[in-house]
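User: I've got a two-chain model open and I'd like to learn how to read it. Can you walk me through the contacts, one feature at a time?

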Amino acid sequence: MSKFLVVDMTNCAVEYRDVPEEYKNLAGRGLTSTIIHDQVPPSCHPLGPNNKVIFAPGIVTGTSSPTSSRLSVGAKSPLTGGIKESNVGSRFPYQLACMGIKAIIVEGQPKDKKYWVLKIDMKGAALEPADEFMGKGMYETAPLFYKKYGDSIGLMMIGVAGERKMSMAGVCFNDTEGRPSRYAGRGGLGAVIGSKGLKAIVLQDEGAPGVTIANKEVFESGRKKMIDALMEHAITKPKGALNSYGTAVLINIMNEAGGLPTRNFSSGIFESAATVSGEALFEGNKERLGKELYNHACSPGCIIRCSNTWHNKDGSEMISCQEYESIWAFGPNCGIDNLDATGKLIWLSNDIGLDTIEAGNAVAVAMEAGLTSFGNVEGAVSLIEEIRKGTPLGHVIGNGAEAIGRTYGVVRVPTVKGQAMPAYEPRAVKGIGVTYATSTMGADHTAGYTIAPEILSVGGSEEAINPEGKGDLSRGFQASTAFIDTSGHCLFIAFAILDIASGFEGMVEECNGVLGTNWSGDDVIELGKKIMRKERAFNEAAGFSSKHDRMPEFMKYEPLPPHNNVFDVPDKVLDSVYGNL
Amino acid sequence: MALPFFCMITVHVKLFATLRLKFPKLGIGETMPVVVPDGYTAGQLIDLLKLPPGQKIIFINNKIQKEDFGLQDGDRIGIFPPVGGG
């Protein structure tokens, strides 16, 4: 029977506890958000002793279910001041689930400034001094962990940004090949972990018993349906779009839609989009390596395998992974037009421990403020290096787009609830704007990815520019996403299960198989809504109201080329997302 | 006997991801002028270019349109196979 591992950083004490009955069928986001709702005072300071950080694998994580090695990291966010769940795939969630740990709950705060490594194996858990790992880049630090604890460990680390408690500090995990490259990036949770005096978590899973499956027959039926859907759908199948071009295949498509935010959200078209596209990545690697290179899995058991590598001219690996959001943040949004430059900036962000979306937005706002010019790669690099150095300017940038914007009097700051927007322009794609505005997480595309029907013709077809019906659309996506984030599956399974009904059935059956429940499709959507309500209740108690569910004002009066449209979804529609939940 | 009179139009086509493989000389994001009869639809253009039928991601002047959309002279067209990301 899986347990909670409670880590009290005030007293350096670790304790395994039985899982309370009311949490038994929860996992992933459903569990992190419920624990935060139930146990964290909403008015607490995010970096103070009363916040908690929860690490929870999903329901089917650790099983043979495909594309399901996902982890939710939850806490009150220092970036938004609200609840946060940041989701990541790596080897860590699979190992954690197999070790019988339903969640790690980190609470309290050390009285000194000492940092610790939480080491967990099948004999137990212990806190060990982290002195030898402090103050270094991630790419230098990860091998030190492998040398000390072995190459097969699951590893969570924060970087110097987290040590400095900056609000764009992400939480880094190692991929299947040991790269410190997978991030629960959003919301500054790296700073919360830093505030707990926790530098890293190391998992040694030798002898792990694996995940108990209550009804193997139901689980196997569901698993087969899920595999069939992922193998069939054009987006998720081997050598399909994600496996060939990675998520960056969206650069060209969003540019054609006039919805690729460019130069700090001042245009929806980047004239050099093709040079930083997924196609350019594929062909650039082919030229530099002399062969076609398809993408790899970021986590064990993934069928989709969308994680890319980008190579130097001599064929050596520069960086993994140049995701769509990361390329966009440092590329089009900063007016930068080549993949070597975006690769360098992503590498730096990974090394320092940053959320690339927030970092790219902060640099773009700094460019708008005149600290450097749009398109200036060295200027962008030096701004990111300020964060590493911990200069006063580095701390301002490291606290995100809103902090740098406020410091320099910039009006065009693309944030909601303090969190910078991802790579979809809400003036060109209205549904995703509703998600940005209303999500409990701040501006977050993954919270309700209406891009699927609005741009990709997946799960139906909606006119992107049209504001009609987008409240209902976003609500539906937000509810189903809250469940997918609970199931342990990567959100990218949605491409397949939105179009292939048996895939959705498969997901529900897999969960029923593991838990021994008898949920219907309607039940899991209702569970998603319940999770949203808990998150919303936490945020309301923390001081948020519907007045915070709004776009930044400039998007209402500044028409965006090429459509020359403003964000025109009425406030009452935004309010209906939770009003009609 | 008078020859049948067709008014021809020129549209500017970009192909992306795997669709571009059929036109290996076409660069990424590069536009290809295509002359078609007036009244042609996006679907007929897809047939003419021998692209797989049933394409759903067709941008015409930066807006998603369906295969039955009637083309106009000077239209800028971007066609994608099924893709996703995020």
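Analyst: Sure. Start with polar contacts across the interface: eight residue pairs are in polar contact between chain A and chain B, with both partners at pLDDT 80 or more. Keep in mind that this is a predicted model.

User: Which elements give two or more residues to the side of chain A that touches chain B?

Analyst: Those are helix 7 (241–245), helix 8 (250–256) and helix 9 (278–289) of chain A. Helix 8 of chain A has the largest share, with five residues. Sorted by class, that side of chain A has 20 nonpolar, ten polar and five charged residues.

User: How do I put a size on the interface?

Analyst: People often quote the accessible area that is lost when the parts come together. Here, chain A and chain B bury about 2200 Å² between them, and 61% of that is on carbon and sulfur atoms. As for residues in contact, 35 of chain A meet 21 of chain B.

User: How many salt bridges cross the interface of chain A and chain B?

Analyst: The rule finds two there. A salt bridge joins A:E256 and B:K14, with the closest N and O atoms 2.8 Å apart. Over all chains, the structure holds 41 salt bridges.

User: What about a charged residue that is buried and has no salt bridge? Which side chain of opposite charge is nearest to A:E279?

Analyst: For A:E279 that is B:R20, 6.1 Å away. A salt bridge needs the nitrogen within 4 Å of the carboxyl oxygen, and A:E279 has none although it is buried. A:E279 sits in helix 9 of chain A. Leaving out residues up to four places away in sequence, A:E279 touches A:Y245 and A:N252 in its own chain, plus B:F16, B:A17 and B:I28 across the interface.

User: Let's go inside chain A. Where do the partners A:K225 and A:E505 lie along the chain?

Analyst: The trick is to look at which elements the two ends belong to. A:K225 is in helix 6 (residues 216–232) of chain A and A:E505 in helix 20 (residues 501–515) of chain A, 280 residues apart. Their side chains meet in a salt bridge at 3.4 Å, N to O. Both ends are partly exposed: A:K225 has a relative accessible area of 23%, and A:E505 has 40%.

User: Which other residue forms a salt bridge with A:K225?

Analyst: A:E509 does, with the closest N and O atoms 2.7 Å apart. A:E509 lies in helix 20 of chain A and A:K225 in helix 6, so this pair ties together parts that are 284 residues apart in sequence. A:E509 counts as buried because its relative accessibility is 19%, and the cut-off for buried is under 20%.

User: Got it. What links A:D340 and A:R288?

Analyst: Their side chains meet in a salt bridge, 2.9 Å from N to O. A:D340 belongs to helix 11 (residues 339–352) of chain A and A:R288 to helix 9, and the two are 52 residues apart. A:D340 is partly exposed, at 25% relative accessible area. Salt bridges can also join up into networks: A:D175, A:E177, A:R179 and A:E317 are linked in one.

User: And a loop residue? Is A:V40 buried or exposed?

Analyst: Buried, with a relative accessible area of 3%. A:V40 is in the loop between helix 1 (28–39) and strand 3 (53–57) of chain A. For a loop, check what comes back to meet it: the C-alpha atoms of A:V40 and A:N51 are separated by 5.8 Å, although these residues are eleven apart along the chain. Not counting residues up to four places away in sequence, A:V40 touches A:I35, A:N50, A:N51, A:K52 and A:F538.

User: Last one, a buried polar side chain. Which side chain makes a polar contact with that of A:S474?

Analyst: The side chain of A:T435, at 2.8 Å. A:S474 is in helix 18 (residues 470–487) of chain A and counts as buried, at 0% relative accessibility. With neighbours within four places in sequence set aside, A:S474 is in contact with A:G431, A:V434, A:T435, A:T438 and A:T450.

How values were computed:
Residues are numbered from 1 along each chain as its sequence is written. Chains are lettered from A and ligands numbered from 1 in the order in which they are written. This is a predicted model: local features need pLDDT of at least 70, side-chain atom pairs count only at pLDDT 80 or more; totals for chains, interfaces and linings use all residues. Side-chain values use heavy atoms; hydrogens and water are left out. Contact means heavy atoms within 4.5 Å. Buried area is the accessible area (1.4 Å probe) that two parts lose on being put together, summed over both. A polar contact is a pair of N or O atoms within 3.5 Å; within protein, one must be able to donate a hydrogen and the other to accept it, and residues adjacent in sequence count only if both atoms are side-chain atoms. Helices (H or I, at least four residues) and strands (E, at least two) are DSSP runs, numbered from the N terminus. Ala, Val, Leu, Ile, Met, Phe, Trp, Tyr, Cys and Pro count as nonpolar, Asp, Glu, Lys and Arg as charged, and the others, Gly among them, as polar. Buried means under 20% relative accessible area, exposed over 50%, partly exposed in between (1.4 Å probe, protein chains only). Lys and Arg count as positive and Asp and Glu as negative; His and the chain ends are not counted.
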